[in-house]
Amino acid sequence: MRRMALFVVASCIAAWRPGPRGGAVGVGVGVGVAGRISMREKGGKPPRDLGAAVVYLEGAGPAARPMSVDVAISDKEFVPRVVVVPQGSTVRFPNHDPFNHNVFSAGERNRFDLGLYGRGEAKGYALTSTGLVQVFCNIHPRMVAFVQVMATRYFTQPAADGSFALEDVAPGRYTLHVWHERSPQAVQELAVGPAGVSRLEIQLDARGFRWVPHKNKLGKDYPTDAGLERY
Ligand SMILES: [Cu+2]
């Protein structure tokens, strides 16, 4: 019974969400924006992680409901390595390793330090500012995760083959961004007409990528023996 009531409420919200300029936009007005990304790799190798890109439209649009997302820590890796969430969402980092981690982010916005915690524990943080959040561990310098925090619901991640589709986009003018950890960001103006947009082709380029060490949570270099981490 309760589920039914929730469904009705959700339907009403979906039918009359605010439009980009504050007016009401009915269901069925939104259109699709679809395409495919590709990436040039060093040595002409085939791209290996197109699904870790983030595709989004910058511009007016309705916000998505904040959510709670888990990024697991397993075998000294964040899994998944890249997530995209609506503004106000909470990201939790459950530790599955039999030793401690110290998850932190040292950016200007969404700065946090979850402190040391061990196996079976999970700590999280609510991301109130939009933009890219780089998440590190203060003990293990190779651990990195990326959280893209979005102002509107016009975002997605591609399938493994690079294809992507945004649904129910209000016609208008936007800036399309395609972000990937190993490529300069692709940015282009995008006019979305009443028929939507299909067959966008966006090329990324990872050939110039190289790993750059980052600082620890105190802004210092990691110890030079951090590669031989002891737990
Ligand atoms: Cu760690």
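Leaving aside neighbours within four places in sequence, V91 is in contact with V69, V71, V83, V85, G124, Y125, L127 and V147. The structure in which these contacts occur is a predicted model. V91 is a useful place to start, since V91 also appears among the core residues that touch the most other members, together with I37, V54, V85, V147 and V178. The core in question is the largest nonpolar core, and it has 46 residues. Strand β14, residues 144-150, gives the most to this core, with 5 residues. Domain 1 (29-62 + 153-221) and domain 2 (64-151) both contribute residues, so the core lies between them. As a general point, nonpolar side chains in soluble globular proteins tend to be buried together.

A second residue can be placed relative to V91. The C-alpha atoms of A126 and V91 are separated by 6.5 Å, although the two residues are 35 apart along the chain. A126 belongs to strand β12, residues 122-126. Not counting residues up to four places away in sequence, A126 touches G88 and T90. Is A126 buried, partly exposed or exposed? A residue is buried only if 20 or more other C-beta atoms lie within 10 Å of its own, and exposed if 12 or fewer do. A126 has 13 such neighbours inside 10 Å, so A126 counts as partly exposed.

Taken as a whole, the protein has 1 helix and 19 strands. Buried residues make up 28% of its 231 residues. Of the contacts with a separation of 6 or more, 61% are between residues 24 or more positions apart. The strands can be followed through two open sheets.

One open sheet has 5 strands in the order β8-β14-β13-β10-β11, and the pairing is mixed. At its edges are β8 and β11 (112-117), each of which pairs on one side only. Neighbouring strands of this sheet are turned by 20 degrees against each other on average, direction ignored. Within the sheet, β14 runs antiparallel to β13 (residues 131-137), and 6 bridges join the two. A hairpin connects β13 to β14 through 6 residues. Two pairs give the register: F136 stands opposite V144 in β14, and Q134 has F146 as its bridge partner in β14. Strand β13 is also joined to β10 (residues 101-105), in the antiparallel sense, by 2 bridges. There V103 stands opposite C137 in β13. In a regular strand the side chains alternate between the two faces of the sheet.

Another open sheet consists of 4 strands in the order β15-β4-β17-β18, with antiparallel pairing. Its edge strands are β15 (155-156) and β18, and each of them pairs on one side only. Strand β17 (residues 172-180) and strand β18 (residues 183-192) are paired over 8 bridges. The two form a hairpin with 2 residues between them. Which residues of β18 face L176 and H177 across the bridges? The bridge partner of L176 is Q188, and that of H177 is V187. V178, one of the core residues named at the outset, falls within the bounds of β17, residues 172-180.

Some backbone features remain. V79 and P80 are joined by a cis peptide bond, with omega about 0 degrees. P80 sits in the loop between β7 (77-79) and β8 (82-86), and β8 is an edge strand of the 5-stranded sheet.

Two residues that are not glycine have a positive phi: D168, at about 60 degrees, and R199, also at about 60 degrees. Each is in a strand. D168 lies in β16, residues 163-169, while R199 lies in β19, residues 197-205. Their surroundings can be judged from the number of C-beta atoms within 10 Å. D168 has 18 others within that distance and is therefore partly exposed. R199 has 7 such neighbours, so R199 counts as exposed.

Methods: Residues numbered from 1 in each chain as written. Predicted model: local features only at pLDDT ≥ 70, side-chain atom pairs only at ≥ 80, totals over all residues. Core = buried A, V, L, I, M, F, W, Y, C linked by C-beta atoms within 7 Å. Domains from an automatic or database assignment. Contact = placed C-beta atoms within 7 Å. Pairing = 2+ DSSP bridges. Axes fitted to C-alpha atoms, helices over the stretch in contact; angles between N-to-C directions.
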